[in-house]
Amino acid sequence: MKNLKLVYTGKTKNVYALENGNYLLKFKDDCTGKDGVFDPGENAVGLTIEGVGDVNLRMSIYFFEKINAAGIKTHYVSADLNNTTMEVLPAKVFGKGLEVICRYKAVGSFYRRYCDYCTLGQDLPAYVETTFKNDALGDPLVTKDALVDLGVMTSEQYDSLKAMTQAITKIVADDLKEKGLELYDIKFEFGYDAQGNVMLIDEIASGNMRVYKDGEYVDPMTLNTLFFA
């Protein structure tokens, strides 16, 4: 890593520029949380757990390869488990960063917002919502119309993003189901290439998904253990 140019320092990954025009993601053992307790929903690093970077990379490799094989565009090129790094294609983020959530169940912030209109745990039809990445504003929800009217993306890009989100979520959910696990919701990040084509970026790790087993919530660290058992 010494001879590589550091271009971005993230909470859980650092990004380096490669000579071939691609980028290298270095996965870290830092986790988001508060008061020393792991919480994927927090916006700040709260603790360090040895081996988290490795297992997050392993899960990302597993799903990125499966998604690429399904013909869905991602930024994944290759990975090096010995160095906990992943080579990715260059991509621009939408706006200053956009998170996309696909929900199969009415839980979490969805239920808190819409509890007058649904029951806790109610089935949802692969519901997709988008939020701007902004810690200070609490990652505000944003609609398709706003994204298009504000020039963040085109209507066609949004439609592509939504379809990709639902297709990728099904791949993840089906895989978890085979292991006796049920996916309630999952969070992704998307970007686009020089031609404007939408692609899945960042990672696919346990900390980005809400999973249950026999009706009981499975925390991300336990999920890692069950997934690779």
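In the predicted model, helix α1 and helix α5 (residues 220–227) pack at an angle of about 55°, and their axes lie 11 Å apart. This angle makes α1 oblique to α5. The crossing of the two helices is left-handed. On the side of α1, the contact is formed by Val 52, Val 55, Asn 56, Met 59, Tyr 62 and Phe 63, while α5 contributes Met 221, Asn 224 and Phe 227. Sorted by class, the residues of this contact comprise 7 nonpolar, 2 polar and no charged ones. In general, a pair of packed helices is described by two quantities, the angle between the axes and the distance between them.

Helix α1, which spans residues 52–69, also packs with helix α4 (residues 155–178); here the axes come within 10 Å and cross at roughly 125°. With this angle, α1 is oblique to α4. The crossing of α1 with α4 is right-handed, whereas that of α1 with α5 is left-handed. The residues of α1 that meet α4 are Tyr 62, Phe 63, Lys 66 and Ile 67, and their partners in α4 are Ile 168, Ile 171, Val 172 and Asp 175. By class, this contact holds 6 nonpolar and 2 charged residues, with no polar ones. Tyr 62 and Phe 63 of α1 thus appear in the contact with α4 and also in the contact with α5.

The cysteines were examined next. The number of disulfides in the model is 0. A disulfide requires two cysteine sulfur atoms within 2.5 Å. For Cys 102, the closest cysteine sulfur belongs to Cys 118 and lies 16 Å away, so the two are too far apart for a bond. Cys 102 is buried, its relative accessible area being 1%. Cys 115 likewise takes part in no disulfide, and the nearest cysteine sulfur, again that of Cys 118, is 6.9 Å away. Unlike the buried Cys 102, Cys 115 is partly exposed, with a relative accessible area of 35%.

Strand β11 (residues 123–132) contains Leu 124. This leucine is buried, as its relative accessible area is 13%. Leu 124 is separated from Cys 102 by 22 residues in sequence, and the distance between their C-alpha atoms is 9.4 Å. When residues up to four places away in sequence are left aside, Leu 124 touches Arg 103, Tyr 104, Lys 105, Ala 106 and Phe 110.

The backbone was also considered. Most residues other than glycine have a negative phi. Ala 126 has a positive phi, near 50°, although this residue is not glycine. Ala 126 is found in strand β11, the strand that also holds Leu 124. Ala 126 is buried, with a relative accessible area of 14%. Asp 214, also a residue other than glycine, has a positive phi of about 55°. Asp 214 lies in the loop between β15 (209–213) and β16 (216–218). Asp 214 is exposed, with a relative accessible area of 72%. The two residues with positive phi described here thus differ in their surroundings, because Ala 126 is buried and Asp 214 is exposed.

Key
Residues are numbered from 1 along each chain as its sequence is written. This is a predicted model: local features need pLDDT of at least 70, side-chain atom pairs count only at pLDDT 80 or more; totals for chains, interfaces and linings use all residues. Side-chain values use heavy atoms; hydrogens and water are left out. Axes are lines fitted to C-alpha atoms, for helices over the stretch in contact, and angles run from 0 to 180 degrees between N-to-C directions. Helices (H or I, at least four residues) and strands (E, at least two) are DSSP runs, numbered from the N terminus. Angles under 35 degrees count as roughly parallel, over 145 as roughly antiparallel, 65 to 115 as roughly perpendicular and the rest as oblique. A crossing is left-handed if the near helix is turned anticlockwise from the far one by less than a right angle, and right-handed if clockwise. Contact means heavy atoms within 4.5 Å. Ala, Val, Leu, Ile, Met, Phe, Trp, Tyr, Cys and Pro count as nonpolar, Asp, Glu, Lys and Arg as charged, and the others, Gly among them, as polar. Buried means under 20% relative accessible area, exposed over 50%, partly exposed in between (1.4 Å probe, protein chains only).
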